[in-house]
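Thanks, everyone. Let me put the model up, and then I will go through its charged pairs.

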Amino acid sequence: SCEGLWNQRNMIFKAAGYCFKTQRAIHEFGNAGRQYDDLTSVPLLETQRQAIDDIMKVEAVKRCQ
């Protein structure tokens, strides 16, 4: 589901310390202890980047919002 894909993608960002901007993400994941405001500066492993890319491709096919 789109909800599951959104959660998977954002769990990766949460684990890496991303500071969420949307109320939905802040409500779901919080921002305590987060340190990266810019997605491009979040330190991700190549496997994490690939997983995010794959999730985003599926989200696009499913036309997730």
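Start with Arg-24 and Glu-3, whose side chains form a salt bridge with an N to O distance of 2.7 Å. Arg-24 sits in helix α2, residues 23–29, and Glu-3 sits in helix α1, so this pair ties together parts that are 21 residues apart in sequence. I should say that this is a predicted model.

On exposure, Arg-24 has a relative accessible area of 38%, so Arg-24 counts as partly exposed. Glu-3 comes out at 42% and is also partly exposed.

How many salt bridges does the structure hold? It holds 2. The other entry joins the side chains of Arg-9 and Glu-59, at 3.0 Å, again N to O. This pair links distant parts of the chain, with Arg-9 in helix α1 and Glu-59 in helix α3, residues 46–62, and a separation of 50 residues.

Are Arg-9 and Glu-59 buried or exposed? Both are buried. For Arg-9 the relative accessible area is 16%, and the cut-off for buried is under 20%, so Arg-9 falls in that class.

Now the surroundings of Arg-9. Helix α1, which holds this residue, covers residues 2–15. Leaving out residues up to four places away in sequence, Arg-9 touches Ile-52, Ile-55, Met-56 and Glu-59. Glu-59 therefore appears twice for Arg-9, as a contact and as the salt-bridge partner.

As general background, side chains of opposite charge can pair when their charged atoms come close.

To recap, Arg-24 pairs with Glu-3, and Arg-9 pairs with Glu-59. The residues of the former pair are partly exposed, while those of the latter are buried.

Key:
Residues numbered from 1 in each chain as written. Predicted model: local features only at pLDDT ≥ 70, side-chain atom pairs only at ≥ 80, totals over all residues. Heavy atoms only, no water. Helix = DSSP H or I, 4+ residues; strand = E, 2+ residues; numbered from the N terminus. Buried < 20%, exposed > 50% of the residue type's maximum accessible area, 1.4 Å probe, protein only. Contact = heavy atoms within 4.5 Å. Salt bridge = Lys/Arg side-chain N within 4 Å of Asp/Glu carboxyl O.
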